[in-house]
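Please open the structure in a viewer and keep the sequence alongside. The tour proceeds by selection, one stop after another.

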Amino acid sequence: MKHACLVCANGIGDGTESKIDWYERSRRNGVVFGFVSFAEGKPVALVEVIPSLNSPYPISKDQSTAFITCVYSSPDSRYDYRGELIESVLEECRKLGFSRVEVLSGEVSPFLNGPASFFVENGFSNLGTVARSVVMLSGIDNFVLLAKDL
């Protein structure tokens, strides 16, 4: 499972060590869960989920909402495996008693978990812009909050 947190933290820098520590503490406490897709024995996509109450982001927080912290598909793969993972997340969230799943996404950029159109295509509603930010070298993009009721 350490690969999942390394991918979501880009695998380099001080933030990676912090993310690994957070991930290991959260796993021990039952706070984080996720799924990894494999193709030909290699991890090609992952998704990481926490209760919204544990989110470090300034979003609404309640017991019935899960929050997707990271969705990633390998750029080396010809196929985007994220959709299959989202279905697994929704099913697991239902089993765990969540009635809603939320995610922050770049409106058009691939970072933060974007683009938002991916989530809309998977049944999420775009609740609107929550921030405007510089996205790596992509320029300026809006971060949007998306949600799906279960």
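The stops below lead from the whole chain to its strands and then to its aromatic rings.

**Whole chain**

Begin with the complete protein chain in a cartoon representation, bearing in mind that this is a predicted model. The chain contains four helices and six strands. Followed along the sequence, these elements appear in the order α-α-β-β-β-α-β-α-β-β. Switching to a surface representation shows about 8,400 Å² of exposed area, of which carbon and sulfur atoms contribute 51%. Of the 150 residues, 45% count as buried. Among contacts with a separation of 6 or more, 50% are between residues 24 or more positions apart.

**Strands β1 and β2**

Select residues 33-39, which form strand β1, and add β2; the two strands run antiparallel and are joined by seven bridges. Strand β2 itself covers residues 42-51. For one position of this pairing, display Gly34, which stands opposite Glu48 in β2. Then move to the hairpin formed by β1 and β2, where two residues lie between the strands. Glu40 in this hairpin adopts a positive phi near 55°. Colouring β2 by relative accessible area shows a mostly covered strand, with eight of its 10 residues buried.

**Strand β3**

Next, select residues 65-73, strand β3. How many of its nine residues are buried? Eight of them are, so the strand is largely enclosed by the rest of the structure. Show β2 together with β3: the pair is antiparallel and extends over seven bridges. Two positions can be labelled here. Glu48 has Cys70 in β3 as its bridge partner, and Leu46 has Tyr72 in β3. Glu48 therefore deserves a label of its own, being the residue opposite Gly34 and the bridge partner of Cys70.

**From β3 to β4**

Add residues 100-106, strand β4, which runs parallel to β3 and is joined to β3 by four bridges. Which residue of β4 is the bridge partner of Ala66? It is Val101. Now include helix α3, residues 82-95, in the selection. With β3 and β4, helix α3 makes a β-α-β unit of right-handed sense.

**Aromatic pairs**

Hide the cartoon and display the aromatic side chains; the structure holds five aromatic pairs. Centre the view on Tyr79 and Tyr81, whose ring centres are 4.7 Å apart. Their planes meet at 80°, so the pair is edge-to-face. Is each of these tyrosines buried or partly exposed? Tyr79 is partly exposed, with a relative accessible area of 45%, whereas Tyr81 counts as buried at 16%.

Proceed to Phe118 and Phe119, whose ring centres lie 4.9 Å apart with planes at 80°, so this pair is edge-to-face. Both Phe118 and Phe119 are buried. Add Phe124 to the selection to complete one aromatic cluster with Phe118 and Phe119.

**Final stop: Arg82**

Keep Phe118 in view and display Arg82. Where does the charged end of Arg82 sit? The charged end is over the ring of Phe118, 3.9 Å from the ring centre.

Notes
Residues numbered from 1 in each chain as written. Predicted model: local features only at pLDDT ≥ 70, side-chain atom pairs only at ≥ 80, totals over all residues. Heavy atoms only, no water. Buried < 20%, exposed > 50% of the residue type's maximum accessible area, 1.4 Å probe, protein only. Pairing = 2+ DSSP bridges. Right-handed = clockwise from strand over helix to strand, strands pointing away. Contact = heavy atoms within 4.5 Å. Areas by Shrake-Rupley, 256 points an atom, 1.4 Å probe, with all protein chains shown as cover. Phe/Tyr/Trp six-rings, centres within 6.5 Å; stacked < 30°, edge-to-face > 60°. Lys NZ or Arg CZ within 6 Å of the ring centre and 35° of its normal.
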